[in-house]
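Work through the exercises below with the coordinates loaded. Each task is followed by a solution in steps.

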Amino acid sequence: MHYKISATHLSKNDNVFFKSMLQLIQIQLNDTWSYEETADIVLADIETPLGVAFWEESTQQQDKLVIAYARQNTCNAEWFLPKPIRVQALIKQLNAIATFKSTVQGAVQTSQTSENSPSSISTTKANLLGNIPNNTAQQVKPSDIPTNKPVSIEYFEPEHSLLGLIQSTIKKCETKCFTCEQGETIYISPQQKRCFTSKINFNHLTQKQRRLYASVAAQVTMTNLSEDALHQMAKAQGLENYAVETLLWLVTLCASQGRLMAGVAENSYVRLKQWPNFAVLPCQPVHLRIAAFMLKNATTLTTVSEKTRVDFSTLVDFFNACKVADLIVETTDQNVSTEAKPKSSAEQYLFKNILKRLSSHE
Amino acid sequence: MDKIIFTGPMGAGKTTAIASISEIPPIATEVRCSDEEGQARKETTTVAMDYGYFTLDDSVRVHLYGTPGQERFNYMWTILTQGGIGLVLLLDNARPTPVEDMAFYLDAFREFIETTGVVIGVTRMDVNNQFSLDDYRDKLFELGHIYPLFEVDARQAEDVKILIHALLAILQANME
């Protein structure tokens, strides 16, 4: 999808900085974003009287999606970007908005599909299998896609995303192809416990990959295929193969967008059962930090975020991925380790430098 | 002296792991294997230690020491661990009893691990998959430990970096 965004009542410096940053982060966004003088998505500086007036008016009229830009979210704005503009915060905010927009759009499409055509599902591509004989392909049944329940933008619900479709496919042991408009294509073979797709650079996912991984179920086109067809396809296209666990992990990290998985209470005490197998599960240094803490401590996610100094939405994405990998234990008692060694600033400094050194040579 | 210790049985990939992240070709004290197992597995083995290093921004060197794999050189283990930051335990999944190897090394380095930390990397799972990571986890659980455990390829710098990242993460968590 292509989204347009404008800015209003920003200082000259912030305005220039925002435009530049928007260009710089394109590769890390799930969708294409461009700056326009007028758009339905607007970044407004609510620390200025005119900016706050704009935000209030737009919120009342609901004609625009306004991102409140300020040091503190004093207005309790649903969409908020803290000052000063930082790369990760902006990426997360724009990806979350894109997910919201596509979720709303997906919900409308889903509703229309189930009302108007109960016996078919949206299939935007006629034949995904190209030169593979048609008799090996079969459109999926509508019952494969959950359609009636409204899609939540507050919680992450796997059953309404690509993740749920893949989990269902694995459970039913069906070989399938998944794609979405302008998105990547992946082939899942539950039998082999592998997925086949173009090369994944775990540190830099392409927009096509992000778009598919973050898709809501209604946007995804699924096609059944045989194992033979899959092998032909993988060979013909020179596809790479990955463990299914790797894909489930990646898809969850991309799709949850800082939303806690539905059914998990934010104040429940949680800990990690075991170290995630980072040999097959792509990880960032921040994930190792969270894992090390959550293995030793059973506590709320808010406490984990405070203690590890990892922002909450990143923590939630990691938590959801661990939950999908069945690595989370919920407990009734809080248990925060008190056996910690006193902080040594020299050691902290050394560790930080080692991490920096290792990261800089990746 | 800031140093990270690599240990594990013969052939687990300690020398290779050090080579993959060291700035210099590792200084090794390798000799031809004299025992039957060694001759069957590899031509040479480390008898004293392997050594490499990488340099930080402030010119501080982090030294990488590999212990000799064979138990008969275990007098070197205590010497090498003195003042170490933490332990990287590499295990060869193609050996006859790698899970028992893990228990042995965790016990042999118990004191050092208790005062620092350990991370475990299992190598050669592609060569022999007789034991899965779950088998190692079960053993760790039986021993009352939850240590970071990964399948790694010692030849891949990225895999070795993950081990060190994880080691530092648990050391930092211990200091929270």
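The exercises that follow concern a predicted model.

**Exercise 1. Describe chain A as a whole: its secondary structure, burial and contact range.**

Step 1. Count the elements: chain A has 11 helices and 13 strands.
Step 2. Turn to burial. Chain A has 362 residues, and 50% of them count as buried. Its accessible surface is about 17,600 Å², with 49% belonging to carbon and sulfur atoms.
Step 3. Take the contacts in chain A between residues at least 6 apart in sequence; 71% of these join residues at least 24 apart.

**Exercise 2. Characterise the interface between chain A and chain B.**

Step 1. List the residues in contact: 35 from chain A and 33 from chain B.
Step 2. Compute the area. The two chains bury about 3,200 Å² between them, and 65% of this is on carbon and sulfur atoms.
Step 3. Count the polar terms. Between chain A and chain B there are 2 salt bridges, and 5 residue pairs are in polar contact, both residues being at pLDDT 80 or more.
Step 4. Assign the chain A side to elements. Helix H8 (285-296) and helix H11 (345-360) of chain A each supply at least two residues to the side that touches chain B. H11(A) gives the most, with 12 residues.
Step 5. Sort that side of chain A by class: 17 residues are nonpolar, 7 polar and 11 charged.
Step 6. Locate a charged pair. B:Glu23 and A:Arg357 form a salt bridge through their side chains, at 3.0 Å from N to O.

**Exercise 3. Find which residues of helix H4 of chain A are buried, and what covers them.**

Step 1. Go through residues 162-172. The buried ones are A:Leu162, A:Leu163, A:Gly164, A:Leu165, A:Ile166 and A:Thr169.
Step 2. Look for their cover. In chain A it includes S7, strand S8 (185-189), helix H5 (207-213), strand S10 (220-224), helix H7 (244-256) and helix H10 (312-324).
Step 3. Check the residue after the helix. A:Cys173 follows H4(A) and has a positive phi, near 55 degrees.

**Exercise 4. Is A:Thr179 buried or exposed, and what does its side chain contact?**

Step 1. Place the residue: A:Thr179 lies in strand S7 (residues 176-180) of chain A.
Step 2. Apply the cut-off. Buried means under 20% relative accessible area; A:Thr179 is at 1%, so it counts as buried.
Step 3. Find the partners. The A:Thr179 side chain reaches the backbone oxygen of A:Glu184 at 3.0 Å and makes a polar contact with the side chain of A:Thr185 at 3.1 Å.

**Exercise 5. Set out the burial of three salt-bridged pairs in chain A.**

Step 1. Start from the total: a search over all chains finds 18 salt bridges.
Step 2. Take A:Arg211 and A:Asp31, whose side chains meet at 3.6 Å, N to O. A:Arg211 is in helix H5, and A:Asp31 is in the loop between helix H1 (12-24) and strand S2 (32-35), 180 residues apart. Both A:Arg211 and A:Asp31 are buried.
Step 3. Take A:Glu47 and A:Arg71, with the closest N and O atoms 3.3 Å apart. A:Glu47 is partly exposed at 34% relative accessibility, while A:Arg71 is exposed at 57%. Both belong to a network of salt bridges that links A:Asp45, A:Glu47, A:Arg71 and A:Lys83.
Step 4. Take A:Glu174 and A:Lys176, with the closest N and O atoms 3.0 Å apart. A:Glu174 is partly exposed at 25%, whereas A:Lys176 is buried at 2%.

Terms used. Residues numbered from 1 in each chain as written. Chains lettered and ligands numbered in written order. Predicted model: local features only at pLDDT ≥ 70, side-chain atom pairs only at ≥ 80, totals over all residues. Heavy atoms only, no water. Contact = heavy atoms within 4.5 Å. Buried area = accessible area lost by both parts, 1.4 Å probe. Salt bridge = Lys/Arg side-chain N within 4 Å of Asp/Glu carboxyl O. Polar contact = N/O pair within 3.5 Å; in protein donor to acceptor, adjacent residues only side chain to side chain. Helix = DSSP H or I, 4+ residues; strand = E, 2+ residues; numbered from the N terminus. Nonpolar A, V, L, I, M, F, W, Y, C, P; charged D, E, K, R; others polar. Buried < 20%, exposed > 50% of the residue type's maximum accessible area, 1.4 Å probe, protein only. Areas by Shrake-Rupley, 256 points an atom, 1.4 Å probe, with all protein chains shown as cover.
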